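Visitor: I'd love a close look at one part of this structure, starting with the empty space inside. Please take it slowly.

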2 protein chains.
Amino acid sequence: MATVGIKDIAALAKVSPATVSRVLSSPELVSKKTLNKVKKIVDEMGYRPNRIGASLRTRKSGNIVAIIPDITNPVNAGIIRAIEQGAQSAGYSILLGDTQGLIERERHYADLVSSGQADGILLFGSRMPFKIDPNLPLLEQIPPMVNANESMNNDEIVQVAVDNVAAASAAVNYLISQGHQRIAAITGPIDVPSSNERLEGYILALQNAGIEVDSNLQIRGDYTVVSGVSSAEQLLLLRQRPTAIFCFNDEMAIGVMKLLKKQGFMIPEDISVMGFDDIHYAEFVTPALTTVHQPLKEIGTTCINLLLEQLRGNKVKPGKQFLPFELKVRASTGPAPRP
Amino acid sequence: MATVGIKDIAALAKVSPATVSRVLSSPELVSKKTLNKVKKIVDEMGYRPNRIGASLRTRKSGNIVAIIPDITNPVNAGIIRAIEQGAQSAGYSILLGDTQGLIERERHYADLVSSGQADGILLFGSRMPFKIDPNLPLLEQIPPMVNANESMNNDEIVQVAVDNVAAASAAVNYLISQGHQRIAAITGPIDVPSSNERLEGYILALQNAGIEVDSNLQIRGDYTVVSGVSSAEQLLLLRQRPTAIFCFNDEMAIGVMKLLKKQGFMIPEDISVMGFDDIHYAEFVTPALTTVHQPLKEIGTTCINLLLEQLRGNKVKPGKQFLPFELKVRASTGPAPRP
DNA sequence: CTTAACATGTAAATCGTTTTCAGCTAGCTA
DNA sequence: TAGCTAGCTGAAAACGATTTACATGTTAAG
């Protein structure tokens, strides 16, 4: 806890603070002899340079703020983990901004950049946390930033995610290939772009197969288990029940399965259930959930690399960068029942 | 991105930088008139004080580093979420230190305090991330710190968790009350204190009930689903099979259930399964898992409050602080089968 | 009218680094 | 030997706030 500074080291080693600084950050500029002398003292004294002082001078905090609606969401947690790993290897630390979906907290965390506490932003979510002047070029108004696992309808922003349209199409195509014709969709909240993209993919797949798109089969959920339950309840009330239910995340799929089992339906013999995300537990529910796997680690790594590249001062190709999804066929889907 | 400083504001408002500083941090020292004048300019210019400059002078970073072995663990994520919330309301930000269990990364993050980037530590895990001189008083060698959800065998350190001994006892007592006599335990890794405490509670409960403690019924797991599977395999090989299996976390319980179902055992008719943690998905596996609920939000809130108190310069009662657990009886446990 | 007390504001030092610029030394070339 | 270069090193000026010590002006009391 005692506070030994660069000047103390300099005095002990009988050199100037400048030389000590050089020993620590650009050793190639220092002669072998003084290098060793200074290093020895640094070790002996257990000197740790004060990062705040350095930050003030260099105008780099060494921090990246991650703005996340919910860290307890396993998808976000998985991505963050990879991000943290990449950041740490590059000498950056991650500031955790769990916003609980509140815009004022998003703003608060975005402000850390203006106040010098962070150099860049990883944004989970689709809302721009700044006031933007539409008359000025966007890129001059925002700090280095990467949009993780969501979509912002702005092609100048660097975005990393799975191609939700294609992924949803693939999921629905699989169900169609199993003979399903009445395929329901349980979406996410209306203002979530990735959910809308999945809906687009769902509709596209049906249309391509010449299946009529029935809006009664589209229920809006909110990505929670209980909304899966209630959405499934609604679907079961339909005169013509679906033979397959495509849930836009695994949580809701778990809710759907819970209700179907409770009501005595067999999965997949009576109704197939498809999820999205491939969270850890998807594999362990009964029956194991068929779902779309998102490569969380790769998403995280790609995000942090693109951000680091910007922080190094390099331009990065703007727009969406897609990572490959994978359809995980497990036991919750099967051939459509004969009518 | 333009950089307007306190001096610019001072110049525009025709006051000194000192006055601007006071307007922002101790407005009561400034006359109404200048207060308004300065505030107006601050707003107009969208001035954000540079936190690094302030930190350098005040020697407070406004950051707290959370050292966590695994943020994707829902227990940790739940606690962190509450922590982040409390920290933010108090004007602190959380630095996320996901260490993946590596001691060098724990050290790295602990070092953020010595380098001035963080003012305090929230430690998930039981390893002291500093070099400690045993001859000196401990408290003078460590920064403000709270140990979250684990145990360190040192009564000077502030610790917040559930009483694992009592909780495990309660779980086992419940199984005993259901008529079980051969109760197996699947523990966590050997070096995890909380797992050892749960083992202690397990043994205590058996002894109190006059049930012989059979070491064949104690299997060491590692808190993963697969270790639940393999541990259950081992238990099924025993000549005298257990009628109940107490898993020291829910992940392993999920693994156990998976295996039991695969091998054709009925849960709980043949074998009861008990978990620990009450993660979100415990409720949704089939059958729903009986488990020990940990109050994640309260743990997080208590941790951050105790840390904030220390950061304010106040002493805090050292040692363990227990929060109440709750036995959640669901469908995975039932009366012991007749022999 | 004088003086003390108080309210308000300013100047300047300070926090711990990095980095520019200049200076010094030694070795080499012409 | 003078001049030049290359290689090191040091002095000092930032960076952007806070805070101490002090100056000024105002009010109130005696």
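Visitor: How many cavities of 30 Å³ or more does the structure hold?

Guide: There are 4 of them. Before we peek in, a few ground rules: this is a predicted model, where local features need pLDDT of at least 70, side-chain atom pairs count only at pLDDT 80 or more, and totals for chains, interfaces and linings use all residues. Residues are numbered from 1 along each chain as its sequence is written, chains are lettered from A and ligands numbered from 1 in the order in which they are written, and side-chain values use heavy atoms, with hydrogens and water left out.

A cavity here is a set of points, on a 1 Å grid over the protein atoms alone, where a 1.4 Å probe fits but cannot get out. The largest cavity has about 100 Å³ of space, counted as what is filled by probe spheres set on points joined across faces, edges and corners. Its lining has 13 residues (each with an atom within 4 Å of a point), and I52(A), N63(A), Q117(A), I52(B) and N63(B) are the closest to the centre. Two helices, α4 of chain A and α4 of chain B, are the elements that give two or more residues to that lining (helices are DSSP runs of H or I, at least four residues, numbered from the N terminus). By class, the lining has 2 nonpolar, 9 polar and 2 charged residues; Ala, Val, Leu, Ile, Met, Phe, Trp, Tyr, Cys and Pro count as nonpolar, Asp, Glu, Lys and Arg as charged, and the others, Gly among them, as polar.

Now follow I52(B) out of the cavity. Together with R81(B) and Y281(B), I52(B) is among the residues of chain B that lose the most area to chain A, and the three make up 15% of what that side buries. Between them, the two chains bury about 4900 Å² (accessible area, with a 1.4 Å probe, lost on being put together and summed over both), and 55% of it is on carbon and sulfur atoms. In this interface, 55 residues of chain B are in contact (heavy atoms within 4.5 Å) with 55 residues of chain A.

Next, follow the α4 helices to the DNA. α4(A) gives the largest share of the surface near DNA strand C, 5 residues, where "near" means a heavy atom within 4 Å. For DNA strand D, α4(B) gives the most, also with 5 residues. Strand C is surrounded by 29 residues, with S21(A), R57(A), R22(B), T34(B) and R59(B) the closest. Around strand D there are 26, and the closest are T19(A), R59(A), I6(B), S21(B) and N50(B).

Zoom in on the polar contacts (pairs of N or O atoms within 3.5 Å). On strand C, a side-chain N or O atom of R57(A) sits 2.5 Å from a base oxygen, while the side chain of Y47(A) has one 2.9 Å from a phosphate oxygen. N50(A) uses a backbone N or O atom, 2.8 Å from a phosphate oxygen of strand C. On strand D, a polar side-chain atom of R57(B) lies 2.7 Å from a base oxygen, and T34(A) has one 2.8 Å from a phosphate oxygen. Of the strand C atoms within 4 Å of the protein, 64% belong to sugar or phosphate; for strand D, that figure is 66%.

Key:
Polar contact = N/O pair within 3.5 Å; in protein donor to acceptor, adjacent residues only side chain to side chain. 1 Å grid on protein atoms, 1.4 Å probe; cavity = no way out; pocket = protein on both sides within 12 Å on 5 of 7 lines; lining within 4 Å.
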